[in-house]
Amino acid sequence: MTTSQIAFLKGHGTENDFVIVPDPENALDLPASLVAGLCDRRAGIGGDGLLHVVRSAAHPEARSMADEAEWFMDYRNADGSVAEMCGNGVRVFARYLQRAGAVAEGDLAVATRGGVKKVHLAKNGDVTVSMGRALIPGDGVTVTVGGRSWDARNVNMGNPHAIAFVDDLAHAGDLFSEPSYVPAAVYPDGVNIEFVVDRGPRHVAMRVHERGSGETRSCGTGACAVAVAAARRDAADPADPAETGAPVTYTVDLPGGTLVITEHPDGEIEMTGAAVIVAEGVIDPAWLEALHG
């Protein structure tokens, strides 16, 4: 590892940014320390996470999905820990595959630890990812910031979210620390908290405190959860024929850009947004040696 050169790219989806490491045959050892070093914004390349690009057949965690998806997104958090899935990351992963000539415009499947995700690369450059279905537990919480309190809807996208509709996004405060909420027992493992304002018909804007990270520029699962919560608030549940019986789409503005979220009558949620590759290069072997020395 210390004498090998590793090729990398840098990309982002609505400013959720990633280090991309192509490794089709799963030949690289990527310990947590190396991933954390690469994602370090001062001493490394910098990113919210790392996308390890591997053929499904070459990775023990993905071989069972190889018949459905040729490529596996071995996603790592910025601290080097392994994660199941990242919606913005899948869009950037698909954009890299297109840039590398591995896939063309149209439909493809990407294997993740959260299962096989369907992806569509559009001619206009947008990427759509099927994000699965939302769960809406009946219990919610009251969120408080700076003396103001709001009832927050509980939506789970594979991870927990509490969505509060507010009059002004500034009411969320600085979001450096987690806003308080009660009862705490609703989210025993913590929660992502979204603050949402209306911008127009089926058009909202949001800020988010991601558990363990503070405020982030974009959160794909959070945008999906917000769209679901807004649809229920607006009596636009696509699964209820008495209300719509047709797909429901919301535009969600985030600090890092805009995502378009569509919920279908069968509950499947699609997220559409931009995905950009901004740089590519080779990691200096001397840096690798120093990191592991």
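**Reading the predicted model: values and their verdicts**

Student: Why does Cys-224 count as buried?

Tutor: Cys-224 counts as buried because its relative accessibility is 0%, and the label applies under 20%. The model is a predicted one, and the values discussed here are computed from it.

Student: How do you know how many disulfides the chain has?

Tutor: The criterion is a pair of cysteine sulfur atoms within 2.5 Å, and by this rule the count is zero. For Cys-39, the nearest cysteine sulfur belongs to Cys-86 and is 11 Å away, so by the 2.5 Å limit Cys-39 is in no disulfide. For Cys-224, the nearest is the sulfur of Cys-219, at 8.7 Å, and therefore Cys-224 is in no disulfide either.

Student: Is Cys-39 buried or exposed, and on what value does the label rest?

Tutor: Cys-39 has a relative accessible area of 5%. The threshold for burial is under 20%, so Cys-39 is buried.

Student: What makes the overall dimensions of the chain agree with those of a compact globule?

Tutor: For 293 residues, a compact globule would have a radius of gyration near 19 Å; the chain has 20 Å, and therefore the two agree. Along its principal axes, the C-alpha trace spans about 60 × 40 × 30 Å. Of the 293 residues, 49% count as buried.

Student: What secondary structure does the chain have, and what share of its contacts joins residues at least 24 apart?

Tutor: The chain has four helices and 18 strands. Among contacts between residues at least 6 apart in sequence, 61% join residues at least 24 apart.

Student: How is the surface composed, and how are the charged side chains distributed?

Tutor: The accessible surface comes to about 12,700 Å², of which carbon and sulfur atoms account for 48%. There are 23 positive and 40 negative side chains, and the centres of the two sets lie 3 Å apart.

Student: Why is Ile-269 called buried, and which residues does it contact?

Tutor: Ile-269 has a relative accessible area of 0%, which is under 20%, so it is buried. This residue is found in strand 17, residues 268-273. Leaving aside neighbours within four places in sequence, its contacts include Val-129, Met-131, Met-157, Cys-224, Val-228 and Ile-261. The C-alpha atoms of Ile-269 and Thr-249 are 9.6 Å apart, with their positions 20 residues apart in sequence.

Student: How do you know whether Met-131 is buried or exposed?

Tutor: Its relative accessibility is 9%, to be set against the limit of 20%; Met-131 therefore counts as buried. Met-131 lies in strand 7, residues 127-133. Beyond four places in sequence, Met-131 is in contact with residues including Met-85, Met-157, Cys-224, Glu-268, Ile-269 and Met-271. Met-131 and Glu-268 are 137 residues apart in sequence and 7.1 Å apart from C-alpha to C-alpha.

Student: Why is Asp-17 called buried, given that it is a charged residue?

Tutor: The label rests on area: Asp-17 has a relative accessible area of 9%, under the 20% limit, and so it is buried. Asp-17 is found in strand 2, residues 16-22. Outside its neighbours within four places in sequence, its contacts include Lys-10, His-12, Arg-41 and Asp-48.

Student: What makes the peptide bond between Val-182 and Pro-183 noteworthy?

Tutor: This bond is cis, with omega at about -5 degrees. Most peptide bonds are trans. Pro-183 is in the loop between strand 11 (180-182) and strand 12 (192-200).

Student: What is particular about phi at Asn-26 and at Arg-202?

Tutor: Phi is near 60 degrees at Asn-26 and near 50 degrees at Arg-202; each value is positive in a residue other than glycine. Most residues other than glycine have a negative phi. Asn-26 is in the loop between strand 2 and helix 1 (32-39), and Arg-202 is in the loop between strand 12 and strand 13 (203-210).

Student: Why are Asn-26 and Arg-202 called partly exposed?

Tutor: The term covers values between 20% and 50%. Asn-26 has 23% relative accessibility, so it counts as partly exposed. Arg-202 has a relative accessible area of 36% and is therefore partly exposed as well.

Student: Where is Asn-159, and which residues does it touch?

Tutor: Asn-159 is in the loop between strand 9 (148-156) and strand 10 (160-165). Not counting residues up to four places away in sequence, Asn-159 touches Asn-192, Arg-211 and Thr-221. Its C-alpha atom is 36 Å from that of Asp-284, 125 residues away along the chain.

Notes. Residues are numbered from 1 along each chain as its sequence is written. This is a predicted model: local features need pLDDT of at least 70, side-chain atom pairs count only at pLDDT 80 or more; totals for chains, interfaces and linings use all residues. Side-chain values use heavy atoms; hydrogens and water are left out. Helices (H or I, at least four residues) and strands (E, at least two) are DSSP runs, numbered from the N terminus. The radius of gyration is taken over C-alpha atoms; the globule rule is 2.2 Å times the number of residues to the power 0.38. Buried means under 20% relative accessible area, exposed over 50%, partly exposed in between (1.4 Å probe, protein chains only). Contact means heavy atoms within 4.5 Å. Accessible areas come from the Shrake-Rupley method with a 1.4 Å probe; for residues, only the protein chains shown count as cover. Lys and Arg count as positive and Asp and Glu as negative; His and the chain ends are not counted. The place of a charge is taken as NZ of Lys, CZ of Arg, CG of Asp or CD of Glu.
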